[in-house]
Amino acid sequence: MKKTIVLSLAVGLLAACAEQKTQTAVEQPGVLTKAEPVVEATVELTEVFTSEIEPYKENDITPAASGVHIDRILVDVGDRVQAGQLLVTLDPTQYTQQLVQLKNAESDYNRLLPVYEAGGISTQQIEQAKAQLDVLREVVANLKRNIEYRSPLTGVVTARNAEAGDLLAGQPILHVMQIDPLKVIVNISEQYLPFVEQGMPVDLKVDIFPDRTFEGRVSLIYPALDPATRTFRVEVKVPNADRTLRPGMFARTTFDMGHKQGVMVPDVAVQKQVGTAERYLYVIVGDSVAERRRVELGRQVGDRVDILSGVAPGERVAVTALSKLYDGAKVELKSE
């Protein structure tokens with residue numbers, strides 16, 4: 001009888017413990033978190049890029065000849081020059097010598113021509129005289145091109161590296177830049193390729209003139225992307241009639257690429273996987289379970305971020321207690 005009573009008590013205690021464990025497991029609360037909805041909104045596609053201002057064109061005045069003395073340099077640093085303007089002349093001694101020979105050859109030819117027409121010399125002789133004259137004319141023209149150097153563009157002289165009387169050594173004598181207009185080369189992510197068009201307006205700002213906005217336009221879109229950075233190059237042409245901007249300045253260029261419908265979530269919901277570039281968030285499924293989703297981010301707009309893939313409008317994402325969540329974690333939503 002005593003054994004029966006003891007056995008009954010043991011069974012009762014075991015049943016009570018099992019019931020208590022089951023009740024404890026059922027009653028264990030989920031992670032307390034707050035969720036906010038994923039919403040669809042218009043996203044303005046305005047991007048700012050930092051670049052360096054460059055001359056629109058530039059040229060080194062470098063004579064092809066060597067071992068020749070510089071005769072004259074007609075401009076100095078800071079001088080404005082026009083396309084075709086004479087800038088440098090070299091020692092004309094050889095040119096002068098050849099010019100004298102040319103004039104003698106022209107006199108000889110002009111004297112022989114009537115003799116040939118009267119039958120006094122052969123056709124071969126007059127043709128030889130004409131060939132010699134043509135060669136000398138070409139030599140003189142070539143020498144003249146190599147002793148007179150003109151500006152290939154309208155711009156300003158930005159460097160002078162020699163003086164009259166110096167012996168040429170293959171180095172540039174002058175450097176000329178076209179600074180009206182100027183240009184900016186911008187590297188833009190491939191996702192914006194459909195939005196960038198030839199002639200589209202671009203705003204440009206420089207730190208030295210914080211209250212001014214300069215206007216430019218896309219003048220060239222390079223046809224190939226850089227496979228390493230997945231970007232394409234865009235050239236922006238910037239008028240500079242008052243010479244306010246200078247080559248070498250850093251500038252911020254703003255591209256207004258229109259707008260699109262974006263899928264927006266609070267930026268606090270997005271987490272970064274340690275050691276990788278992966279971004280993820282937790283979607284609340286059925287008000288009770290957190291589902292980990294990998295996402296691709298677009299642009300930031302205020303305290304929200306555009307999600308390019310991973311979630312859909314109408315879903316809800318966790319925005320608090322994120323460090324306690326994991327894929328499949330039970331949750332309890334905070335009431336507002």
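Relative accessible area sorts residues into three classes: buried means under 20%, exposed means over 50%, and partly exposed lies in between. The exercises below apply this to a predicted model.

**Exercise 1.** Which residue forms a salt bridge with Arg 111, and where do the two residues lie? Classify each of them by accessibility.

*Solution.* Begin with the pair itself: Arg 111 forms a salt bridge with Asp 108, and the closest N and O atoms are 3.1 Å apart, which satisfies the cut-off of within 4 Å. Next, place both residues in helix α2 (residues 93–117), where they are three residues apart, about one turn of the helix. Finally, compare the accessibilities with the classes: Asp 108 has a relative accessible area of 34% and is therefore partly exposed, whereas Arg 111, at 52%, counts as exposed.

**Exercise 2.** Are Arg 160 and Glu 163 buried, partly exposed or exposed, and what is the N to O distance of their salt bridge?

*Solution.* The side chains of Arg 160 and Glu 163 meet in a salt bridge with an N to O distance of 2.7 Å. Arg 160 has a relative accessibility of 22%, so it counts as partly exposed; Glu 163, with a relative accessible area of 44%, is partly exposed as well.

**Exercise 3.** Which parts of the chain does the salt bridge between Arg 252 and Asp 207 tie together?

*Solution.* First establish the contact: the side chains of Arg 252 and Asp 207 meet in a salt bridge at 2.6 Å, N to O. Then locate the partners: Arg 252 lies in strand β13 (residues 250–266), while Asp 207 lies in the loop between β10 (201–205) and β11 (214–226), so the pair ties together parts that are 45 residues apart in sequence. As to accessibility, Arg 252 is partly exposed at 33%, and Asp 207 is exposed at 59%. Elsewhere, salt bridges that share partners join Glu 106, Lys 130, Asp 134 and Arg 137 into one network, and the count of salt bridges comes to 18.

**Exercise 4.** In what order do the three strands of the open sheet stand, and why is one side of each edge strand left without a neighbour?

*Solution.* The order is β4-β6-β7, with antiparallel pairing. The strands at the edges are β4 (70–73) and β7 (148–150), and because each has a single partner strand, one side of each is left without a neighbour in the sheet. Neighbouring strands of this sheet are turned by 20 degrees against each other on average, direction ignored. To examine one pairing, take strand β6 (residues 86–90), which pairs with β7 in the antiparallel sense over three bridges; Thr 89 stands opposite Glu 148 in β7.

Definitions and conventions:
Residues numbered from 1 in each chain as written. Predicted model: local features only at pLDDT ≥ 70, side-chain atom pairs only at ≥ 80, totals over all residues. Heavy atoms only, no water. Helix = DSSP H or I, 4+ residues; strand = E, 2+ residues; numbered from the N terminus. Buried < 20%, exposed > 50% of the residue type's maximum accessible area, 1.4 Å probe, protein only. Pairing = 2+ DSSP bridges. Axes fitted to C-alpha atoms, helices over the stretch in contact; angles between N-to-C directions.
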